[in-house]
Amino acid sequence: MSLSHETIRDDKLTQLYFSVVDAFNALLPAHWHSHLEMICLVDGQMTAYINETSYELYPGDILIVNPKDIHYTHAHGDCRYYLLQIPPAHLERINSEWNMLHFSEFIPYASEEDTLSCRLTAIMKEVLRLHVQKEKGHHLLLLIQLYQLLYLLYTEDATILSEQSKSRTERDFLRMEQSMRYVKEHFREQITLAGAAGHLSLTPEYFCRLFKKYTGQTFFTYVAQIRLLQFYQDLLQTDESITFLLEKNGITNYRQFMRMFKEAYGTTPHRLRKQTHSGRKESFSTTS
């Protein structure tokens, strides 16, 4: 599991990743990747954070995550969205300075046919149709849709970053990448603010401000989310006791943890494990 950098498996022919995601109270902690990501919300409500900005998404809204932007999402209740991730191999074809481009992060829903929101949504729906039907040569038609989408973003939604802004962002990104890797390697242990800041040769005060700026949350909130995600995966994939899993993943504040778990997954660990195991038994009996 990668807790800071998300590994994306692209389709070999198109070098794209597309999926329809059904999520229920799903919390995806802060992470980054080199792909340009687009989320088009179909049903439900989602909160998304990109760097220090928070967005509330409702059906029809579009979220765009620029490459290497640190972001995390929280689906509230039942949620469905289209997810498209575009690697640098395609972005490099926009222009020679593609890595200086920055696309608007939030495009609100608009019903008028000539709006950017409506045209981008239409493209995503066509990508879904091609993805599902898989007609002969469908990958070529998918690429047509991709470049139409990139054309719209480039001509109607892109700004150019200054060299100074880009350099500062790259420097801070490397620091955030190192801090996330530090948490990934040590989240089962006792983590201190002084230790995390010292790992980057920064003062705790400056490190706190920097982390909040680029993740929209405190450092210890991020640590708690990483522990929560690992606990959740262990809960569903093993039969170890809940007490053991709490200790294994460095969780010592049980009351705070239970509050976060219920907010993220809508129930308690015991009930979630019971529901999941019951679902597996029903599935097995149906297929037997």
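## Leu228 and the main core

Leu228 touches Leu27, Phe257, Met260, Phe261, Ala264 and Tyr265, leaving aside residues up to four places away in sequence; contact means heavy atoms within 4.5 Å. The model is predicted: local features need pLDDT of at least 70, side-chain atom pairs count only at pLDDT 80 or more, and totals for chains, interfaces and linings use all residues. Numbering runs from 1 along each chain as its sequence is written, and side-chain values use heavy atoms, without hydrogens and water.

The largest nonpolar core holds 40 residues. Such a core is a set of buried Ala, Val, Leu, Ile, Met, Phe, Trp, Tyr and Cys residues joined through side-chain atoms within 4.5 Å. Buried means under 20% relative accessible area (1.4 Å probe, protein chains only). Phe207, Phe219, Leu228, Phe231, Phe257 and Phe261 have the most contacts inside this core.

## Elements and a second core

Elements giving two or more residues to the largest core are β2 (27-31), α4 (163-186), α5 (193-199), α6 (204-215), α7 (219-237), α8 (242-248) and α9 (254-265). Helices (H or I, at least four residues) and strands (E, at least two) are DSSP runs, numbered from the N terminus. α7 gives the largest share, ten residues.

Another core lies apart from this one. It has 28 residues, including Phe18, Leu116, Leu150 and Leu152.

Conventions
Buried < 20%, exposed > 50% of the residue type's maximum accessible area, 1.4 Å probe, protein only.
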